[in-house]
Amino acid sequence: MNKILRTAAWLFVAAGGLSVPAGSAWALPSFARQTGFECVACHVSWLELTTVGRQFKLGGYTLMKPPAGERPVVSFASDGDAPLIPLAGFVQASVSHTSNTDVAAAAGTDDSSFPKNNKLVVQQASLFLAGRVAEHAGVFAQWTYDGVEHHSSVDNVDVRVADRYRNDSLDVMYGLSLNNSPTMSDIYNTTPVWAWPFATSGVAPAPAAGPLIAEGLAQQVAGLSAYSMWNKTLYAELGGYRTANGVFSILREGIDRSEAAVLSGTAPYWRLALQHEWDEGTQSVMFGAYGLNAKKYPDPTAPTGPTDTFHDLGIDAQYQYVTDTHRVSGQFNLIRESQTLDGTFAAGDSANLHNKLRTLSTKATYYYMNKYGASLGYQRIRGDVDAGLYNTGEAVNGSANGSPDSSAVILELNWLPWRDRRFTLQYTAYQKFNGARTDYDGYGRNAKDNNTLYLLAWFPF
Amino acid sequence: MNTTDDKNARRDALKHGAQWLMGASVLWIASAPDRASASKAAKGDFFYQDKPKDGKSCGSCRLFLPAEANKGSCAVVDGEVSPNGWCMAYSPRA
C-alpha cells in the first residue's frame, strides 16, 4: 500500500505540472474549442452527457460559435476561434492493487500472473479528430495507444450527417451515423459504449462473460444507422452492422483480422427511447429499449460453415438532476442475450447449443460544485452453465463450475481540482466471480481475491 | 409458390433499395443549403429564458454578442437574446 501512496503523490505532482497551461474548463477539448462551452455545460461530469451534450451529438457535432477572424489550422488553445482541424487528446495514468496475487502453486503460476500490480502504467493515450467538418457533417474519431498491451489501434469512430426540420408543432432532429461499435451512436449513458464506469483497471482480472452488444463487436465492425429525435421526446434509431471489410476496414485499423469479429450478413440494430425534460432543464428522465441480432462466425480466420446467433435485448432508464452546485444522476441497464451457438457447438467448444446471458448494471452519482463526486454501482452477470465456454481450466480467469455468474459493487470517488483534470479512486468488490464466491477457478481462488483498488489520473488536452 | 431464386431476388432488391436510400439520404442532407440558423441551436434546446438563473445571465456569458441596450444575440443560440436571459449552455467569461 505504501507503494500506492507514493504513486498517488507522484500522480498529484505530475498533475500540478501538467495543469499549468490548462486554462479554463473544457470537456473533449476540440468540441469545447468549437462551441465555446464549458465542459460542465455538456457533461454532468465527463463523460456523462447533459441535455446540452445530447443536443450537440444529435446535431452531428456541428454546433459552432462563429469565428471572429481567420481560423487557425491547428490549435490547442482554450479560447479563440475553432481550428480547421479539430484535434484533441487525453492521457490516463493509473495504478491498480488487486487484493490477492498469491496464486496457488498448484496452478503452476505465481505473482507473474499480475506483472503490473501496484505499478504505475500509462494505461491509455488517445488522440481525437473530433468536430464539425461541414455545415451538416461532423466527426468523432479516436485513435488509442494501450499502454498495457503496448499496442495502438482505432478506437471509437462516429461520422455523422445531420439536419433538422422545424415548424410550429413539429421539431425533428435527424441524421445518419457511420460508426464502429453498436451503441456508439447512442446519446444516453446507459448503453454499453458510454456507460459507467468510464475507466477501469486495465491490469486487474475481470469477469469472463459479457453479451455481444456490450462491446463484443467494438472496433471490429462497420455500422450505419439513421436516427431521429421527435419533439425532444422520442428518440428512434435503426441501423445495421457488417464485417468491417474493404474500405470500411479503416474502422478496425490496427485490430488484427484474426481478432476481429466476422459477421454473416447484416446485424440489425434498433433503439427507442422516451425522454422528458422539465424544471427549466434541471431534471430529465429517459426510459428506453434497444436490440441487436447478429450472426457471427466463431473463428474469424475461417468464416465459413455454421454461425453463432445472438439476440440481444436491452432495457434502460436514466435520471439526471443538474445544477451548478449539485448534480445527481442514476442509470439502469438490463441486457438479455439468447445465444444459439451452431458454430461453436459444432466445433466442440461449447457444451450447450443454446445459452442465455443476463446482465444488470446500475449506478448513482452525486457531484458537488462540479469538483467532488461519488458514484456507487452494482453490476451482475448471470447465465447458463456451459463448461465448454467458461471452464477454461485456467487459474484466475477460469471457471471451475462453468458458470459465468459474477457480481460486484463498485465505489468511485472523483476529484477534479481543475475541471479538465480528473483523479479517480475506485474500489471494486466482487461477491461472485466466474461462477462462485469461493474457489471459483478450482485452484482455491476466491471472488474477493480479485477486489481491486484503482487510482487513475486522467488529463485531456 | 416461392422459389429460392425468387427469395434471393427480393432480398437483393431490398438490399440495393436500402443502399440507394441511404446514399440518397447522405447526399440530400449533405447538400442542404446553408441557413443562418442551421448551425445554431433553438432557444428551447437549452431552455433559454428571458430572466437570469441563480445570479447568472447571458450578459456575463462568453457566447453573448451585445447589440443595442438590453438586446443582443448568442453565438450558438438562434434569435434575439437578452443580456438578462439565461440558458443551459451558460459559460462564464474566463
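**Figure 1. Chain B and its long-range contacts.** Among contacts in chain B with a separation of 6 or more, 66% involve residues 24 or more positions apart. This is a predicted model, and that applies to every view here. Chain B has 94 residues, and buried ones make up 22% of them. Its secondary structure amounts to one helix and three strands, and reading from the N terminus, the elements go α-β-β-β.

**Figure 2. The little strand set of chain B, E1-E2-E3.** Here we zoom in on an open sheet of three strands in chain B, ordered E1-E2-E3 and paired antiparallel. Strand E1 (64-66) and strand E3 (80-81) of chain B are the edge strands, each pairing on one side only. Look at E1(B) beside strand E2 (residues 72-74) of chain B: the two pair in the antiparallel sense over three bridges. For a spot to centre the view on, take Pro66(B), which stands opposite Gly72(B) in E2(B).

**Figure 3. Where chain A meets chain B.** The contact tally is 29 residues of chain A against 25 residues of chain B. On the chain A side, helix H4 (51-58), strand E6 (151-166) and strand E7 (171-179) each supply at least two of the residues that touch chain B. E6(A) gives the largest share of that side, four residues. By residue class, the side of chain A that touches chain B splits into twelve nonpolar, nine polar and eight charged.

**Figure 4. Chain A as a backdrop for the remaining close-ups.** Six helices and 18 strands make up the secondary structure of chain A. The radius of gyration of chain A is 22 Å, close to the 23 Å that the globule rule gives for 461 residues, so chain A is as compact as a globular protein of that length. Laid along its principal axes, the C-alpha trace of chain A spans about 70 × 55 × 40 Å. Of the 461 residues in chain A, 48% count as buried. As for contacts in chain A with a separation of 6 or more, 64% come from residues 24 or more positions apart.

**Figure 5. Two cis peptide bonds in loops of chain A.** Trp46(A) and Leu47(A) are joined by a cis peptide bond, with omega at about 25°. Leu47(A) sits in the loop between strand E1 (43-45) and strand E2 (48-49) of chain A. The other bond in this figure runs from Trp196(A) to Pro197(A); that one is cis too, with omega near 0°. Pro197(A) belongs to the loop between E7 and strand E8 (221-230) of chain A.

**Figure 6. Asp279(A) and Asn434(A), a pair of positive-phi residues.** Keep an eye on the backbone of Asp279(A): phi is near 60°, a positive value in a residue other than glycine. Asp279(A) is placed in the loop between strand E10 (267-278) and strand E11 (283-296) of chain A. Asp279(A) counts as exposed because it has 11 C-beta neighbours inside 10 Å, and the cut-off for exposed is 12 or fewer. Asn434(A) also has a positive phi without being glycine, this time near 45°. The loop that holds Asn434(A) lies between E17 and strand E18 (452-460) of chain A. Asn434(A) is buried because 31 other C-beta atoms lie within 10 Å, where 20 or more is what buried takes.

**Figure 7. Ala267(A) and its surroundings.** Ala267(A) is part of strand E10 of chain A. With 26 C-beta neighbours inside 10 Å, Ala267(A) counts as buried. Leaving out residues up to four places away in sequence, Ala267(A) touches Gly240(A), Tyr241(A), Leu292(A), Asn293(A) and Ala294(A). For the distance label, use Leu292(A): Ala267(A) and Leu292(A) are 25 residues apart in sequence and 6.7 Å apart in space, C-alpha to C-alpha.

**Figure 8. Leu425(A) on strand E17.** Strand E17 (residues 421-432) of chain A is home to Leu425(A). Leu425(A) counts as partly exposed because it has 14 C-beta neighbours inside 10 Å, which falls between the exposed limit of 12 or fewer and the buried limit of 20 or more. Once residues up to four places away in sequence are set aside, Leu425(A) touches Leu413(A) and Leu455(A). Tyr454(A) also belongs in the view: Leu425(A) and Tyr454(A) are 29 residues apart in sequence, with a C-alpha to C-alpha distance of 5.8 Å.

Note on methods. Residues numbered from 1 in each chain as written. Chains lettered and ligands numbered in written order. Predicted model: local features only at pLDDT ≥ 70, side-chain atom pairs only at ≥ 80, totals over all residues. Contact = placed C-beta atoms within 7 Å. Nonpolar A, V, L, I, M, F, W, Y, C, P; charged D, E, K, R; others polar. Rg over C-alpha atoms; globule rule 2.2 N^0.38 Å. Pairing = 2+ DSSP bridges.
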